[in-house]
Structures are given as C-alpha cells and as structure tokens.
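Visitor: I would like a close look at one part of this protein, with the surroundings explained afterwards. Please keep the wording plain.

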Amino acid sequence: MKSPAIVNFAPDPGSVEIREFQRPTIGTDDVLVEVAAVGVCGSDLHQWTATHSWPVNYPVVLGHEFAGTIVETGANVASWREGDRIASETAAIIDVDNPMSRRGLYNLDPTRKGFGYGVDGAMTRFVRVPSRCLHRVPDALAFEHAAVTEPCCVAYNAVVKNSRIEPGDRVLVIGPGTIGILCAAVAKLVGADVAVLGLESDTHRFAVAQKYGVTTLTDASEWARQGDGLGVDVVIDAAGVSSTLQLAIELVRPAGWITKVGWGPKPVGFSIDPLVQKNVTLQGSFSHNWPIWERVISLLTSKQLDVQPIVGGTFGIGQWQQAFERMHHGEIVKSVILPGQE
C-alpha cells in the first residue's frame with residue numbers, strides 16, 4: 001500500500017516533490033501512526049531552499065511536527081493500542097546508553113536523529129514511530145493544534161527551562177517566526193513584559209504576535225532601555241543570524257541573559273568581548289524532552305497556551321507547495337498539512 005509523501009530528495013534548492021511512499025513496516029517496539037495533521041517547520045523550508053546547516057539522509061519524507069491515531073502496535077508495545085490519539089516527539093533515533101540519554105536529556109544525545117532529516121517523517125499518510133516518543137492527545141485538543149506541540153516545546157524549553165526569567169522582567173524576543181512568537185507567548189505566561197523585534201516586512205506576523213499581548217517593534221533600542229537605561233533582562237534570539245546575536249549583546253543589561261534558540265550556518269564576524277565586559281550569560285537551547293511535552297500538552301488542552309493565532313491555514317498534501325511558499329514569504333506564521341486530504 002502506497003500513499004503520497006512530500007519528499008526532500010537531494011541537497012539542491014527546490015528538491016522537494018510528491019512521491020509515492022510505501023506504508024512502513026514497524027518493529028517490535030514501534031507503532032504505526034495514521035497522520036492526521038503535520039506542521040510545516042522552518043527547518044522543512046530550509047531543506048526545501050537548501051539553506052540548512054545539518055546533515056540530511058536523502059531521500060527523506062519531511063515532517064516532524066505531527067499528531068494522529070495509532071493503527072498498529074509492535075509485539076513489545078504494552079501501553080498503547082489501536083485508536084489512541086497521539087502526538088510524537090522528534091527524536092526518532094537515540095542511543096539509550098549515551099550519558100545524556102541516561103540523564104533524561106536524550107535531546108542532547110550527539111547521535112540523535114530526527115524525523116524529516118535523519119529518518120522518514122510524517123508528511124504522508126502513515127509513519128513508523130518508536131513507542132517511547134508518544135504522548136496522549138486528549139479529545140479536547142484538535143489534531144491541527146496537537147501537531148504544533150513540538151514548536152511549543154521548543155519555546156517552553158528555551159523560555160522556562162533555559163532562561164532566567166522572573167515575573168516583571170523585560171524580555172526581548174528577536175524574530176517573529178513560529179518559535180519567536182511562541183517564545184513570546186510563553187514568556188507572557190511566566191509574567192514577563194515582552195516585546196518581539198522584527199522587520200518592516202513582518203506586518204502580518206506582528207499582528208499574530210500582538211494577539212498574545214506583546215509589544216511589536218522594528219527598532220528595539222528605546223524599548224530595551226526604558227527604566228534604568230541599562231537594557232533588557234533577557235534576550236531570546238529566535239532569528240539565528242550573526243547580526244541578531246550581536247544586537248542581543250548590545251541590548252541586554254549587565255548581568256543579563258541571552259538564550260539563543262535560532263539556527264544559522266554563518267560564522268560570527270564580530271567581537272564577543274562585550275559579553276565578557278557586561279558579565280552576560282549566553283545560553284543555547286535545543287529541542288525538548290518527555291516532561292516538557294507533558295506540560296505543553298496540558299497547556300494546549302487548557303488553552304492557557306492557545307496556538308490558534310499562529311495556525312494560518314490547513315492544506316491538503318497536494319497543496320504542499322502553497323503551504324511552504326506562504327510561510328516562506330511571511331504571509332502566515334504556521335502551515336498545517338492534512339495528509340488525508342488532497
């Protein structure tokens with residue numbers, strides 16, 4: 001049995017197309033998931049445009065933000081059954097004996113490989129998933145929203161786990177993409193005063209960010225120095241280019257905090273001496289793990305974290321290029337593909 005799949009087949013720009021994909025065969029510790037909804041990530045766009053900075057196992061089915069229903073379980077799977085509604089983590093392959101995995105930080109296992117670049121992802125009808133990756137999706141949480149759990153977990157990890165934010169702090173988020181807006185939304189939940197910095201061309205994304213009660217800016221110099229004039233308490237760099245890290249160092253206050261969550265392949269072409277002089281903490285933040293997923297699914301179900309504003313549209317699998325292009329051009333923040341629809 002074959003189904004249409006969105007496949008990244010080569011490292012050249014534009015090397016994505018619909019191909020027929022064989023229904024996967026599962027192992028004893030796996031489940032087979034019928035995908036109901038899969039989010040388009042910025043990393044999918046980077047592989048489409050060949051601007052990514054990570055190794056890809058070509059050809060590969062794209063898609064790592066997904067939710068759906070279990071249709072088959074492996075012989076060793078005891079806690080899941082057919083018909084269960086699930087969302088899946090992204091770490092498709094890990095070394096369970098790696099020291100980071102043994103600490104529960106398998107997201108930091110250097111051998112980790114994810115759906116959509118290391119193994120076939122979910123932009124197709126059926127995907128094979130290790131049962132350890134699964135989380136239950138309550139009936140009250142729509143699949144189109146459950147599919148956005150993964151970027152919400154990225155934001156939660158960056159803001160709650162990897163940033164020193166207290167209620168009343170002034171937090172500047174650089175980059176009004178999906179991760180940036182979600183970081184801003186989570187920082188608001190923590191009780192911070194939040195602004196999102198972007199470009200003049202980010203009008204639509206700004207409108208979405210404003211729905212979370214945050215300030216939007218194209219120049220953060222004045223906002224950052226309100227109060228005592230020393231800068232913001234925390235900068236979250238969700239843009240991933242060298243110039244935004246340089247700006248973060250400029251706008252953060254002495255003894256402040258910078259969390260870098262955005263990826264970028266270019267080298268840093270400036271001195272980081274001001275980081276030393278200001279005694280600033282620079283923190284990386286990557287991916288997420290099991291307890292973060294459980295917290296975020298709870299927040300999504302209760303709508304304390306509402307992802308409806310960022311979901312700009314749903315698309316059948318045959319409309320994948322429109323879904324990619326509208327995100328790429330900033331017309332919408334997040335596209336969600338429904339593999340069961342043409």
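Which residues does asparagine 162 touch, not counting residues up to four places away in sequence?

Guide: Asparagine 162 touches Asn157, Trp257, Thr259, Gln283, Gly284 and Ser285, leaving out residues up to four places away in sequence; a contact here means heavy atoms within 4.5 Å. The model is predicted, so local features need pLDDT of at least 70 and side-chain atom pairs count only at pLDDT 80 or more, while totals for chains, interfaces and linings use all residues. Residues are numbered from 1 along each chain as its sequence is written, and side-chain values use heavy atoms, with hydrogens and water left out.

Asparagine 162 sits in the loop between α4 and β9. Helices (H or I, at least four residues) and strands (E, at least two) are DSSP runs, numbered from the N terminus. The relative accessible area of asparagine 162 is 18%, so this residue counts as buried. Buried means under 20% relative accessible area, exposed means over 50%, and partly exposed lies in between, with a 1.4 Å probe and protein chains only.

The two elements that flank this loop also appear around helix α5, residues 178-190. Among the residues of α5, Thr178, Gly180, Ile181, Leu182, Cys183, Ala184, Ala185, Val186 and Ala187 are buried. Their cover includes α4 (149-161) and β9 (170-174), along with β10 (193-197), α6 (203-210), β12 (232-237) and β16 (334-338). The length of α5 can be checked: at 1.5 Å a residue, its 13 residues should span 18 Å, and the end C-alpha atoms are 18 Å apart, so the two agree. The expected span is 1.5 Å times one less than the number of residues. After α5 comes glycine 191, with a positive phi near 105°.

Other loops can be read in a similar way. Phenylalanine 270 lies between β13 (252-260) and α9 (273-277). With a relative accessible area of 17%, phenylalanine 270 is buried. Apart from residues up to four places away in sequence, phenylalanine 270 touches Ser242, Leu245, Gln246 and Ile249. Proline 130 is 140 residues from phenylalanine 270 along the chain, and their C-alpha atoms are separated by 43 Å.

Serine 287 is in the loop between β14 (281-284) and α10. At 7% relative accessible area, serine 287 is buried. Its phi is positive, near 60°, in a residue other than glycine. Most residues other than glycine have a negative phi, and most peptide bonds are trans. Helix α10 covers residues 290-302 and holds serine 298. Serine 298 is partly exposed, at 44% relative accessible area. Its C-alpha atom is 9.0 Å from that of proline 138, although the two residues are 160 apart in sequence.

The loop between α1 and β4 contains alanine 50 and proline 59. Alanine 50 comes just after α1 and takes a positive phi of about 60°. Its relative accessible area is 27%, so alanine 50 is partly exposed. Tyrosine 58 and proline 59 are joined by a cis peptide bond, with omega about -15°. In helix α1 itself (residues 42-49), the buried residues are Ser43, Asp44, Leu45, Gln47 and Trp48. They pack against β1 (2-8), β2 (16-22), β3 (30-39), β4 (60-61) and α11 (320-328).

Proline 130 also belongs to the lining of the second largest pocket, together with Phe21, Pro24, Ala92, Ile93, Phe115, Val119, Asp120, Gly121, Val127 and Arg128. Strand β7 (residues 126-130) gives the most to this lining, with 3 residues. The lining has 8 nonpolar, 1 polar and 2 charged residues. Ala, Val, Leu, Ile, Met, Phe, Trp, Tyr, Cys and Pro count as nonpolar, Asp, Glu, Lys and Arg as charged, and the others, Gly among them, as polar. A pocket is an open set of points on a 1 Å grid over the protein atoms alone, where a 1.4 Å probe fits, with protein on both sides within 12 Å along at least five of seven lines; lining residues have an atom within 4 Å of a point.

Finally, the whole chain. The protein has 11 helices and 16 strands, and buried residues make up 55% of its 342 residues. Of the contacts between residues at least 6 apart in sequence, 68% join residues at least 24 apart. The C-alpha trace spans about 65 × 40 × 40 Å along its principal axes.
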